[in-house]
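Work through the following exercises with the sequence and the coordinates at hand. Each task is followed by a solution in steps.

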Amino acid sequence: MNRYAFITLLLVFVVLTTQGKKEEEVQTAVMQLSITADSTLTPQRKVTAHMTATDYDGPIGIKLRGNSSLGFNQKKYTIELRDQQGREVDAPLLGMPAHSDWVLLAPYLDVSAVRDPLAFQLWRDMGHWAPRTRIVELTLNGEYRGIYILSEAIKRGADRVNIAKLKKSDVAGRDLTGGYLLRIDTFNDDDATFTSKVPGIGEGNMTSDVIWSCIYPKKKKLQPEQLAYIQHYVDTVEQVIQSEGFADPLTGYARYIDVPSFVDYFIHTELSLNVDGYKRSAYFYKEKQNADGTGGKLVAGPVWDYNLAYGNANFANADNPEAWCYEGASNNPTPALWQRLLQDPAFRKAVKVRYKALRKGALSNKAINAYIDRHARLMAPCTSRHFEKYPELLGSDKQQQQPAGGFPPMQQPFGGFEGGFPPMGGFPGFGGFGGFGGFGGFSAYHVDSYDEEIVTVKKWLANRLSFLDRNIERFDKDWEPRIQELKVIKMPQFPGGFPFPPF
């Protein structure tokens, strides 16, 4: 390498390193967010409201967000920035790049409030885009609502998922090949969905159907040719991965998927032991093919929804630090492609090489603990107010005991949800968690203080990394994945993915 090439590479490294540090260090204090809504909030549609923040003072649209979380005392919200005429407007928010769509994540199930920000930061440190976040305290209609995580939404855009814009007229040739943003998750009538031709795996699932949604372009703009194309592409990916020659480097899965992103997604998901890993809030995108015929592959990511990860759930093997996410569980079918990819020695070797490199940097115990400690210091001035608002989040297992019938204590009936019992669509299944709705129904453990929670999270991560260290070291030696037979289990399907209609 000549001197000029070396200097160029060094400059690139310095720029990237500086950008990463700026992103982590930009927030030095918890910020205040105030919203006043014109009418009652519901999950069905956004209502007009006014929001005041450090760098924004203007109209927004806001609605409740989530499925089972609608029954919690602390709600999640979707926010859309608007102009005075009620039209969507892109604007920066708390130092994050301009966009119209934002999410207020409620860390009700995560006492540490670190799990989502940590997961996003690790994915960024692994070289990918993930939502930026800011810790805020929310006041809604004059009432203090506690600590929230203001997050970028997963949307197409230059500063978010940077894929080509797909126009209605792009219905043939290279223009048809991208970009698309896909998700495996709950769904509703506004989503363009299709069912995988390969049954999902897991033990005790009520269905084996894996439902994909195309979330960009949205259903109302998605053309029939575009939906047919992306469905056919996903079908091809999944069927090739299950074929006899799936590992062929020229005609197998590597022809259709961005292998490094799938390697990273596997490592990231297994580290988190996310209860929804691979099977809910699982995003993918497909880039537009290059003019020379290269590119245009399916990419794994971005990551989303980790409040029940890192040892924080008591169902679907999520409280077993020696479980594997890819093997599936009893809550929702897991795409079989992950199990099959691990049958390729080349994929396992790639996982091992990448994991060992990451353990020296982004996934080192030192780096992870340093991030958690910075987060804890940031949170320290406002945790007392948060837990005064939601005292049920702290206390021993005995104090958290649920009353008869499985419903945890709530400040208001059904967590104050207007209209009574929330929709059932998208529940994580019945296997292993006790009852609907509140904190006690999902948590694998309880703590008496925020400091105890931080210690618990760090200890769990150390144990999980130790497990992965021992097992991934064997990936190119004597380790073999546990293989489950693919079985088609058909059950009636309803919007939201739940196999029974709402009450």
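**Exercise 1. Cysteines**

How many disulfides does the structure hold?

Solution. The model is a predicted one. A disulfide requires a pair of cysteine sulfur atoms within 2.5 Å. By that criterion the structure holds zero disulfides. Next, take the accessibility of two cysteines. C325 has 6% relative accessibility and counts as buried. C382 is buried as well, its relative accessible area being 1%. Both values fall in the buried class because the cut-off is under 20% relative accessible area.

**Exercise 2. The two sides of helix α7**

Determine the span of helix α7 and find where its buried and exposed residues lie.

Solution. Step one is the length. Helix α7 covers residues 365-379, which makes 15 residues. From its first C-alpha to its last it reaches 21 Å, close to the 21 Å expected at 1.5 Å a residue.

Step two is the list of buried residues: I368, Y371, I372, H375, A376, L378 and M379. These residues cover an arc of only 160 degrees around the axis, which puts them on the same side of α7. The spacing follows a general rule: an α-helix has 3.6 residues a turn, so residues three or four places apart point the same way.

Step three is the opposite face. Turned away from the buried side of α7 are the exposed residues K366 and R377.

Step four concerns R374, which also lies in helix α7. R374 is partly exposed, at a relative accessible area of 34%. Its C-alpha is separated by 9.4 Å from that of T28, although R374 and T28 are 346 residues apart along the chain.

**Exercise 3. The open sheet**

Give the strand order of the five-stranded open sheet and identify which strands stand at its edges.

Solution. The order is β11-β12-β10-β13-β14, with antiparallel pairing. The edge strands are β11 (192-195) and β14 (298-300). Each has a single partner strand, so one side of each is left without a neighbour in the sheet. On average, neighbouring strands of this sheet are turned by 30 degrees against each other, direction ignored.

Now look at one edge in detail. β14 pairs with strand β13 (residues 282-286) in the antiparallel sense, over three bridges. Within this sheet, Y285 has V299 of β14 as its bridge partner.

**Exercise 4. The barrel and strand β9**

Which strands close into a barrel, and how does β9 pair with β7 and β8?

Solution. Seven strands close into the barrel, in the order β1-β2-β3-β4-β7-β9-β8, and their pairing is mixed. Neighbouring strands here are turned by 40 degrees against each other on average, direction ignored.

Strand β9 (residues 143-152) comes next: eight of its 10 residues are buried, so β9 is largely enclosed by the rest of the structure.

On the β7 side, four bridges join strand β7 (residues 101-105) to β9, and the two run antiparallel. W102 stands opposite E152 in β9. On the β8 side, strand β8 (residues 133-140) pairs with β9 over eight bridges, again in the antiparallel sense. L140 stands opposite E143 in β9. The hairpin of β8 and β9 has two residues between the strands, and N141 takes a positive phi near 50 degrees there.

**Exercise 5. Two buried polar side chains**

Locate T177 and H99, and find which backbone atoms lie close enough to their side chains for a polar contact, with 3.5 Å as the cut-off.

Solution. T177 is found in the loop between β9 and β10 (180-184). T177 is buried, at a relative accessible area of 6%. Two backbone atoms qualify. The backbone oxygen of R174 lies 2.6 Å from a polar atom of the T177 side chain. For the backbone nitrogen of Q289, the distance to a polar atom of the T177 side chain is 2.9 Å.

H99 is found in strand β6 (residues 96-99). H99 is buried too, with a relative accessible area of 12%. A polar atom of the H99 side chain lies 3.1 Å from the backbone nitrogen of D101.

How values were computed. Residues numbered from 1 in each chain as written. Predicted model: local features only at pLDDT ≥ 70, side-chain atom pairs only at ≥ 80, totals over all residues. Heavy atoms only, no water. Buried < 20%, exposed > 50% of the residue type's maximum accessible area, 1.4 Å probe, protein only. Expected span 1.5 Å × (residues − 1). Arc of directions from axis to C-beta. Pairing = 2+ DSSP bridges. Axes fitted to C-alpha atoms, helices over the stretch in contact; angles between N-to-C directions. Polar contact = N/O pair within 3.5 Å; in protein donor to acceptor, adjacent residues only side chain to side chain.
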